[in-house]
Structure formats: C-alpha cells, structure tokens
Amino acid sequence: MDKELRILIVEDYEDDAELIILELSKSYNKITHEVVDNENSLRSALNSKNWDAIISDYKLPGFNALAALKVMQQMNLDLPFLIVSGTIGEELAVEAMKAGAHDYIMKGNLTRLAPALEREIRESEVRHQRKQSAKRLMEQELLLRSVVDFLPVGIVLIDRNMNIIMANKEFRNTWGEFDSFNKLPELYIKIGDYESKKELSRKDWAIIKAIEESTSIINEIIQIKTSDDNAKVILNSVVPIIEQNSSSATYAIMVNQDITKLKQDETKLKQTLMELERSNKELEQFAYVASHDLQEPLRMVASFTQLLAKRYKGKLDSDADEYIDFAVNGAKRMQQLINDLLNYSRATSYKKGSEYLDLNILLQSIIESMNSLVAESCAEISISQLPQIYASQIQMQQLFQNLISNAIKFRRNDISPIIQIDCQRQINYWLFSVKDNGIGIPAAYKDKIFTIFQRLHDKDEYPGTGVGLALCKKIVEQLGGQIWVESVQHEGSTFLFTLPIENF
Ligand code: ADP
C-alpha cells in the first residue's frame, strides 16, 4: 500500500511507541512520527507540523490522554485522537470518548489500530470538508447580505405565511423599525393608492396578490404610514417566487423605493408652473389691454399735436415751434411703441390660424414687400431651399421680417449688406439661419437683445422700439424651438433658430 502517515505519539515508553509504529507499518509504507511525553513538547510538535492523527497512551508520568486532548482542542485542531492503553477500564474509556477522543485500543489488541486510524482519518476529512463548505456558505451569505444592504432600494423576502425571511437596511429605513420583524401585515399599518388617496383593503395589497394569486405588480405608487407614524410615498414592485413542480408562490419579493421627496418636489413644481402660467396670462392680458386702450387717447394726442404743428408752425416764436416738434415726435414714437407692444401681446396662441406654409413662397413675398428698403440699401439677399411647415402665416412673416429688416438696418457704413437665409434639417428639427455682414453684436449683449425694449443704440442712430427680437423669441418658443445669435463685432451676425419637425 502506497500510503503516507504523519503520526504524533504521546508515550513515555520508547518500546511501546516502536510497537505502534511496527503495527502501523503493516498498513502504511511511509510513516513520519514524533514521540512526546509532556504538554510543552506536545504543543511544539503540534505547532511545527501538520499531523494526520494523535495516538496517546492513557497515563504517563505527570501527563495523560485527557490533558493531551485538551491541548489539541485549545489549539483549535480537530485531529483524529486515539487512545492506546494497556490499563484503561471501560469507565475511563467512556469518559475519554465523551471528552472528544475518537477511539481507544488495548495494547494487547493492536491489530485494531490501523483500521481504526484509517476510519478516523477518513471521517476527519469529511468533517473538515463539511466545515469548509459551511464556512464558504457563510461567507457567501455575508457577501450577499452586504450587497443587498448596500442597494438604494428596500428589499424584503416573504414566505407564504407572511414571515419575513430577509429585509435589507433600506427597507427598514423606509418602513421604520419594528419590534417584531416576523410578520409582514404588521407593516401595512395603512396603505393607500397614491392617486386616489383611497385606503387599500388587504386583498388589494400587491404582496397578498403575489402570494395568493401568483401575480406580479410592477411600479405601483402607494402611500404608506410607517411604524413611526410617518406618511411616505413608495414606488412598489412585488414578484412571486414559484418553485419547480409547484403551482402557487412559495415566496414573494417586494422591492420598493421611497419617492416621497420626489413626489413633494413634483407637486411643488406643478403648483409653481400653474402659478407661472396664471401670472403670464395676466401679464399678457394687461399688456394687451393697456396697449389697446392707450391707442385711442394717443391717436387724439398725435393727431392734435400734428394739427397744432400744421396750423401754428411759424406763427408763434421759435421756441414754440421746437416744443411742438418735440410733442409730435414723442407722440409718434409712443404710437410706434404701443403698436409693437400690442403686436407682441397678441402673439399668444400659435395654433390659432396655423396652416401648411411653403416658406419659399412666403419669403419671396416678404422680400417683395421690403422692396424699397432693399433697393435703397443695395442689399443682396440669397435664400436657400426652405421647407414647408405648419404654422401661422402672420407669425412666420413677423419672424422673418424682423430678422431681415434688422440685418439691413444694422449694416455697416462702408459695405452694402449681404444677407443669407438658410435652412438645414437636423434629426428632429429644422435649423434656420439669417446671416448678415453688419455691425455685429458685442458678446455681452447676446442674450439681452431678446428682452423686450432692450436696444444697444440710440433711436436717432438706428430707429426701432426694441420689440422685434422679443417677438421673434416668443414666436419660436411657442413652436417649441429656440433662438440665439452668433456674432463677431464689426463683421456680422447670424441669427439661428430651430423649429421641431414633429410639430409640422
Ligand atoms: P429694434 O430693431 O427695434 O431695435 P430688436 O428687438 O429687433 O429691436 O433688436 C434689439 C437690438 O438688437 C437692436 O436694437 C440691435 O442693437 C440689436 N440687433 C438686432 N439685430 C441685429 C443685427 N442683425 N445686427 C446687429 N445688431 C442687431
């Protein structure tokens, strides 16, 4: 037999130890052994090597098998421990076995030693393997638990009788701590449907449906009252676990997320949005009413000051002529401002009057209507192929007219204006651009110019009211697009705006 044995012998008689080795060498062809006869030498032998087994005499001077057994146990070792003795009686043998010895053999019957040793070594291996797999299992469970505890969602595993098998940290954070964590129904202090705010009866709880009807419920929003009396909103999913060869659920897993803060923010946002819409409407209404109602008295002031100018010019002194001029110009400017403001406040609902427009045709007619301005400024205008869109003709006209007339108005003195109107299709929107070679816009004012009444120049230098770009922004944004400008001062500006394709 090609077997190797490493054996530690606790024995004070050399002859007896040799007898043991002699007996064992019948079964093992290679034996490593060491003989010790006191506690210290046993300890150092156990520390220095890995042994397959310990064979111990029952009684030695100043030492014995039970003390040797204790040393082995204190050192956390689980080696086969066999007692070989000539004197041991049955009572002592039983005591030794109770203390943890695996077998005892009479010195007169040593033929039993090898088979007993072999059996105990085998069993010790089995014990060792079992311990190893139990340890591995525990490690895996620990790992799984840490992962599950680390997750930002609450997880609970429940059996058919609603016993909680496992609940992670987040679950306890959400639902609150419970004295007894055994039965789930205790958690359901009050559950309500989030939308209807109605309390759900037990049979409608997702967890009951999963266990009793094997149905999954994914992402229901419920309102709960936790053990510490807090109201919370929860996004809840429950899945039944049906074992093989079973028709009903044995377990159910419930996963939930505390969305209380999210829902509170959502409600606040909705309220703010409603408030904003209301105040916007009020403001628009106010601008409309004010500009509309101001028109009439203003018309009176304008026409009477003009009449005054016509009748009395040169008939009063020169100061009076100048004052009348101021009044006439002021009234005219006020009329312009009020008209533009009225236009601005009228541009509210883009859906009203929307139709399919061929922008190529629309642009032609816009350019024709600006004929004299184009001729007088010697402007060159090129227009690339434009799409057909669904929008209000008046609004599209206002949009392009403002951009083109600005491109001509803000031209440089030294060169005649060159204007390019272009459109490119992007994935889900059209990108329009109106490019000029004019005076350009300082970077600091790129956003400001889209605010109503914001102008960068004096009205005597460049006439205007500062409403045009604000109106363009309103029109584009109502259609779901965006408008901005790219510009190099003294070289020119490109006004770009997008219009979503799905709108048309
Ligand atoms: P308005 O043309 O009546 O002054 P807008 O709202 O159309 O008002 O434009 C606001 C300001 O933006 C203008 O006063 C001008 O300073 C600047 N601006 C607009 N278009 C251009 C352009 N194409 N080139 C340079 N500056 C421009």
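Here a biologist questions a modeller about a predicted model of a protein chain with a ligand.

Biologist: What makes up the protein chain, in helices and strands?

Modeller: The protein chain has 13 helices and 20 strands.

Biologist: Why is the protein chain called more spread out than a compact globule?

Modeller: Its radius of gyration is 48 Å. The globule rule gives 23 Å for 504 residues. The value is well over the rule, so the chain is more spread out than a compact globule. The C-alpha atoms fill a box of roughly 155 × 60 × 50 Å along the principal axes. Buried residues make up 25% of the 504.

Biologist: How do you know that Y104 is buried?

Modeller: The cut-off for buried is 20 or more other C-beta atoms within 10 Å. Y104 has 22, so Y104 counts as buried. The residue lies in strand β7, residues 103–106.

Biologist: Which residues does Y104 contact, leaving aside neighbours within four places in sequence?

Modeller: They are L82, I83, S85, I88, A93 and A96. Take I83: 21 residues from Y104 in sequence, but 4.4 Å away in space, C-alpha to C-alpha.

Biologist: Why is S214 called partly exposed?

Modeller: S214 has 16 other C-beta atoms within 10 Å. Buried needs 20 or more, and exposed needs 12 or fewer. The count of 16 falls in between, so S214 is partly exposed. S214 is found in the loop between α7 (206–213) and β11 (217–225). Its phi is near 55°, a positive value in a residue other than glycine.

Biologist: What makes C378 exposed?

Modeller: Exposed means 12 or fewer neighbours. C378 has 12 C-beta neighbours inside 10 Å, so C378 counts as exposed. C378 sits in the loop between α11 (371–377) and β15 (380–383). Phi of C378 is also positive, near 55°.

Biologist: Which residues of helix α3 are buried?

Modeller: In α3, residues 65–74, they are A65, A68, L69 and M72.

Biologist: How do you know that these buried residues are on the same side of α3?

Modeller: They cover an arc of only 100° around the axis, which puts them on the same side of the helix. They pack against several elements, including β1 (4–10), α2 (39–48), β6 (81–85) and α4 (90–99). Just after α3, N76 takes a positive phi of about 60°.

Biologist: What is in the largest nonpolar core?

Modeller: That core has 35 residues. Those with the most contacts inside it are L399, L403, I404, V434, C472 and V476. Helix α12 gives the most to this core, with seven residues. Apart from it lies another core, of 33 residues, among them V10, L42, A68 and M72.

Biologist: What does C472 touch, not counting residues up to four places away in sequence?

Modeller: C472 touches L399, N402, L403 and I483.

Biologist: Which residues are closest to the ligand?

Modeller: In a surrounding shell of 20 residues, the closest are N406, L456, G464, G468 and L469. The elements giving two or more residues to this shell are α12 (393–409) and α13 (468–478).

Biologist: What classes of residue does the shell around the ligand have?

Modeller: There are nine nonpolar, nine polar and two charged residues.

Biologist: How many contacts join residues far along the sequence?

Modeller: Take contacts between residues at least 6 apart in sequence. Of these, 61% join residues at least 24 apart.

Note on methods:
Residues are numbered from 1 along each chain as its sequence is written. This is a predicted model: local features need pLDDT of at least 70, side-chain atom pairs count only at pLDDT 80 or more; totals for chains, interfaces and linings use all residues. Helices (H or I, at least four residues) and strands (E, at least two) are DSSP runs, numbered from the N terminus. The radius of gyration is taken over C-alpha atoms; the globule rule is 2.2 Å times the number of residues to the power 0.38. Two residues are in contact if their C-beta atoms, placed from the backbone, lie within 7 Å. A residue is near a molecule or strand if its C-beta atom, placed from the backbone, lies within 6 Å of it. Ala, Val, Leu, Ile, Met, Phe, Trp, Tyr, Cys and Pro count as nonpolar, Asp, Glu, Lys and Arg as charged, and the others, Gly among them, as polar. The arc is that of the directions from the helix axis to the C-beta atoms. A nonpolar core is a set of buried Ala, Val, Leu, Ile, Met, Phe, Trp, Tyr and Cys residues joined through C-beta atoms within 7 Å.
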